[in-house]
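Good morning, colleagues. Please take a moment with the sequence and the structure before we go through the features one by one.

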Amino acid sequence: MAQKTIVITTDDLTGETSEEAQTHKFSLNGVAYEIDLTPENYDKLDAALRPFIENGRKTGRVKAEAKVRSVSTKGPKAEDMRAWARENGFEVNDRGRVPAAIREAFEAAR
């Protein structure tokens, strides 16, 4: 059996739904925006911005959104595990991830 998926997007400016509407990204004053527009409304946006784009200076591409790494607050601190490891004869670096074998030994000793 064949399936056909049709995505219908709503134009954020007019509320019109259309298979042709697309998402467009732009930024101003360091704030990134995203808007869904039909081709007609995109042409209006392009026409409004065109004089500014043509007379502005390019400064490069906008960087992709940064991925946020979460720092776990659960479990023992790396500094505590390193101190315990040194006291118990393990070799451990001053920085970086604490090796799994040391983590396991630390947990077993608790």
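Let me begin with a question: does Arg 50 count as buried, exposed or partly exposed? With a relative accessibility of 30%, Arg 50 counts as partly exposed, because the intermediate class lies between 20% and 50%. I should state at once that this is a predicted model.

Arg 50 has a charged partner. Its side chain forms a salt bridge with Asp 46, and the closest N and O atoms are 2.5 Å apart. Asp 46 is likewise partly exposed, at a relative accessible area of 24%. Both residues belong to helix α1, which covers residues 39-55, and because they are 4 residues apart there, about one helical turn separates them.

Let me now place that helix in the overall arrangement. The protein contains 3 helices and 4 strands, and along the sequence they follow the pattern β-β-β-β-α-α-α. The protein has 110 residues, of which 15% count as buried. As for contacts between residues at least 6 apart in sequence, 22% of them join residues at least 24 apart.

I turn next to the remaining charged pairs. The whole structure holds 4 salt bridges, and I shall describe two others besides the one in the helix. Glu 34 pairs with Lys 25, with 3.9 Å between the closest N and O atoms. The cut-off for a salt bridge is 4 Å, so this pair is counted. Glu 34 is exposed, at 54% relative accessibility, and Lys 25 is exposed as well, with a relative accessible area of 65%. In another salt bridge, the side chains of Glu 107 and Arg 110 meet at 3.5 Å, N to O. Here Glu 107 is partly exposed at 41%, whereas Arg 110 is exposed at 63%.

Against these pairs, consider a charged residue that lacks such a partner. Which side chain of opposite charge is nearest to Asp 11, and how far away is it? It is Lys 44, at 8.1 Å; Asp 11 is buried yet has no salt bridge. Asp 11 sits in the loop between β1 and β2, the latter being residues 17-18. What its side chain does reach is backbone. A polar atom of the Asp 11 side chain lies 3.0 Å from the backbone nitrogen of Thr 14, and the side chain also reaches the backbone nitrogen of Thr 38 at 2.8 Å. Leaving aside residues up to four places away in sequence, Asp 11 touches Glu 16, Asp 36, Leu 37, Thr 38 and Asn 41.

Thr 9 belongs to the preceding element in this account, strand β1, which spans residues 9-10. Thr 9 is buried, with a relative accessible area of 16%; the class applies because the value is under 20%. With the same sequence neighbours left out, Thr 9 touches Glu 16, Thr 17, Ser 18, Ala 21 and Asp 36. Glu 16 and Asp 36 are thus among the contacts of Thr 9 and also among those of Asp 11.

I come now to a point of backbone geometry. Most residues other than glycine have a negative phi. Asn 29 is not a glycine, yet its phi is positive, at about 55 degrees. Where does Asn 29 sit? Asn 29 lies in the loop between β3, residues 22-28, and β4, residues 31-37. At 74% relative accessibility, Asn 29 counts as exposed.

The aromatic residues deserve a few words. The count comes to 3 aromatic pairs. One of them joins Phe 26 and Tyr 33, whose rings are 5.3 Å apart centre to centre, with 20 degrees between the planes. That pair is classed as stacked, because the angle is under 30 degrees. Phe 26 is partly exposed, at 31% relative accessibility, and Tyr 33 is partly exposed too, with a relative accessible area of 41%. Elsewhere, Trp 84, Phe 90 and Phe 106 form one aromatic cluster.

Finally, a word on annotation. UniProt, in an unreviewed entry, lists residues 76-109 as "domain: Lsr2 DNA-binding". In the model, that span is 59% helix and 0% strand, and its end C-alpha atoms lie 13 Å apart.

Thank you for your attention.

How values were computed. Residues are numbered from 1 along each chain as its sequence is written. This is a predicted model: local features need pLDDT of at least 70, side-chain atom pairs count only at pLDDT 80 or more; totals for chains, interfaces and linings use all residues. Side-chain values use heavy atoms; hydrogens and water are left out. Helices (H or I, at least four residues) and strands (E, at least two) are DSSP runs, numbered from the N terminus. Buried means under 20% relative accessible area, exposed over 50%, partly exposed in between (1.4 Å probe, protein chains only). Contact means heavy atoms within 4.5 Å. UniProt positions are given in the numbering used here, feature names are shortened, and annotations may be inferred rather than shown by experiment. Rings of Phe, Tyr and Trp (its six-membered ring) pair if their centres lie within 6.5 Å; planes under 30 degrees apart count as stacked, over 60 as edge-to-face and the rest as tilted. Lys and Arg count as positive and Asp and Glu as negative; His and the chain ends are not counted. A polar contact is a pair of N or O atoms within 3.5 Å; within protein, one must be able to donate a hydrogen and the other to accept it, and residues adjacent in sequence count only if both atoms are side-chain atoms.
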